[in-house]
Amino acid sequence: MRAIETDIEDIIVARYLDLQGEVCPFTYVKTKLALELIESGDVLVIVLDQGEPIENVPRSVKDEGHHISKVERDGTAFKLWIRKV
Amino acid sequence: MALNLEDLKAGGIISQRQKNMFSIRVKILGGNVTSAQLRKIADLAETHGRNYAHITTRQGFEISHVNFEDVEKVTIGLEKVGLVLGACGSRVRVVVACQGTDICPHALDDTQLLVRTLDERFYGRFGVPHKFKMGVSGCPNACAKHNENDLGFMAVVEPVLIDKESCINCGLCAEVCPGKAIEMKDSLPVFDSTKCFHDGKCIDICPRDSLGVNRKGWQVFAGGKWGRRPQLGIPIANFVATEQIPEMVENILSNYIKLANKRERLGELINRLGMEVICDGCIF
């Protein structure tokens, strides 16, 4: 069995943002604003619709150097745990 | 100066329907033009044209309504900001491209570098049977419509699982793959290369950088054209490195010149004799 990161389970989620129903670029803009409100090392959880949001937001988050620790599928949406760089 | 309309046209000075009026075609390479060049084009259009410039389909400009007596003033003005005339007639035309890795998050390779490489060696070359166009797209979004050119180049990557230990089985790669070429099996991504568009979306999205690039390069398309019988270029080679492209183009051009009838486009030659005749070293 491969080691799947579990350290995240113990971390308190500093902020939660449901972006279902939002469209680009607001999905990323709101993610970015939420990240600005938390401390470095803290975790933001976002929920994204499939399609354009899930195709673009994780890539942009990665490009800014943040760490995506965990991803969960929730029906047609995706829940992402982002640790601020 | 003797006015030979054909000579003028080959050099980017196009005779208008209005008597003694010319449209001056300005070459802009790969669609990038500097502020100083834009200002000069604006000044020349104001002074010698009718205060506007036409944006051409090959990413250049035409300064229209220039009197024959003023043509030289316009060309001298253009030279001052490093601009030259756009090709017309049976010549290798301006290479068009998207912005590529300079700015685009989707881009997979440096389109502007390939454009400069192609331009230096081939631009304006005459003795070809008909017009000869090349275009470069930085990814399979194909924004530069490379495959409507005689030769088109599209940047591609082949993904591979480089670190299975770090994969967290999130499935985002499979989710975002436009070709549905990835399936999660035993908590790992498995690729079906026959469905892969080689756009690297899976590599970009992977949260753990478990996916990487196996091969990258240019997919080469031949035989695209527009006009009365439009057709798209067909892929003739894959993952070709930038430095290999000039020799490949030289090879195709020499076969084209040898085999085509006068005023036969590369695509028409391919329709008539088959793809094999135009490229010796290509994979079909």
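A residue counts as buried when its relative accessible area is under 20%. By that rule, 53% of the 284 residues of chain B are buried. These legends describe a predicted model.

**Figure 1. Chain B, an overall view with eight helices and eleven strands.**
The C-alpha trace of chain B spans about 75 × 45 × 30 Å along its principal axes. Chain B has 284 residues, and 53% of them count as buried. Its contacts also reach along the sequence. Among contacts between residues at least 6 apart, 64% join residues at least 24 apart.

**Figure 2. Chain A, a pattern of β-α-β-α-β-β.**
Read the chain along its sequence and this pattern appears. It is built from two helices and four strands. Chain A has 85 residues, of which 44% count as buried. Take the contacts in chain A with a separation of 6 or more: residues 24 or more positions apart account for 64% of them.

**Figure 3. The interface, where chain A meets chain B.**
Here 19 residues of chain A are in contact with 21 residues of chain B. The area buried between the two chains is about 1,600 Å². Carbon and sulfur atoms give 54% of that area. Eight residue pairs are in polar contact across the interface, with both residues at pLDDT 80 or more. Which elements of chain A supply at least two residues each to the side that touches chain B? Helix H2 (52-63) and strand E3 (67-74) each do so. By class, this side of chain A has seven nonpolar, five polar and seven charged residues.

**Figure 4. A salt bridge between A:Arg73 and B:Glu175.**
How many salt bridges are found across the interface of chain A and chain B? There are two. One of them joins B:Glu175 to A:Arg73. Look for the closest N and O atoms of this pair: they are 2.8 Å apart.

**Figure 5. A:Lys70, a buried residue in chain A.**
A:Lys70 sits in strand E3 of chain A. Is A:Lys70 buried or exposed? Its relative accessible area is 16%, so A:Lys70 counts as buried. The side chain of A:Lys70 makes a polar contact with the side chain of A:Glu72. That contact is 3.4 Å.

**Figure 6. A:Leu48 and the residues it touches.**
A:Leu48 belongs to strand E2 (residues 43-49) of chain A. Its relative accessible area is 0%, so A:Leu48 is buried. Which residues does A:Leu48 touch, leaving aside those up to four places away in sequence? They are A:Leu19, A:Thr27, A:Pro53, A:Ile54, A:Val57, A:Pro58, A:Ala77, A:Phe78 and A:Leu80. Now compare A:Lys62, which is 14 residues from A:Leu48 along the chain. The C-alpha atoms of A:Leu48 and A:Lys62 are separated by 15 Å.

**Figure 7. The aromatic pair B:Phe22 and B:Phe68.**
Two aromatic pairs are found over all chains. In this one, the ring centres of B:Phe22 and B:Phe68 are 5.6 Å apart. Why is the pair called tilted? The planes meet at 50°, and tilted pairs are those that are neither under 30 degrees (stacked) nor over 60 (edge-to-face). B:Phe22 lies in strand E2 (residues 21-26) of chain B. B:Phe68 lies in the loop between strand E4 (61-67) and helix H3 (71-80) of chain B. The pair therefore ties together parts that are 46 residues apart in sequence. B:Phe22 is buried, with a relative accessible area of 2%.

**Figure 8. The aromatic pair B:Phe132 and B:Tyr256.**
This pair is tilted too. Its rings are 5.6 Å apart centre to centre, with 35° between the planes. Where does each partner lie? B:Phe132 is in the loop between helix H4 (111-122) and strand E6 (134-137) of chain B. B:Tyr256 is in helix H7 (residues 245-259) of chain B. The pair links distant parts of the chain, 124 residues apart. Both B:Phe132 and B:Tyr256 are buried.

**Figure 9. B:Gly31, a partly exposed residue in a loop.**
The loop lies between E2 and helix H2 (35-48) of chain B. B:Gly31 has a relative accessible area of 34%, so it counts as partly exposed. B:Ala97 is 66 residues away from B:Gly31 along the chain. Yet the C-alpha atoms of B:Gly31 and B:Ala97 are separated by 6.7 Å.

How values were computed. Residues numbered from 1 in each chain as written. Chains lettered and ligands numbered in written order. Predicted model: local features only at pLDDT ≥ 70, side-chain atom pairs only at ≥ 80, totals over all residues. Heavy atoms only, no water. Contact = heavy atoms within 4.5 Å. Buried area = accessible area lost by both parts, 1.4 Å probe. Salt bridge = Lys/Arg side-chain N within 4 Å of Asp/Glu carboxyl O. Polar contact = N/O pair within 3.5 Å; in protein donor to acceptor, adjacent residues only side chain to side chain. Nonpolar A, V, L, I, M, F, W, Y, C, P; charged D, E, K, R; others polar. Phe/Tyr/Trp six-rings, centres within 6.5 Å; stacked < 30°, edge-to-face > 60°. Buried < 20%, exposed > 50% of the residue type's maximum accessible area, 1.4 Å probe, protein only.
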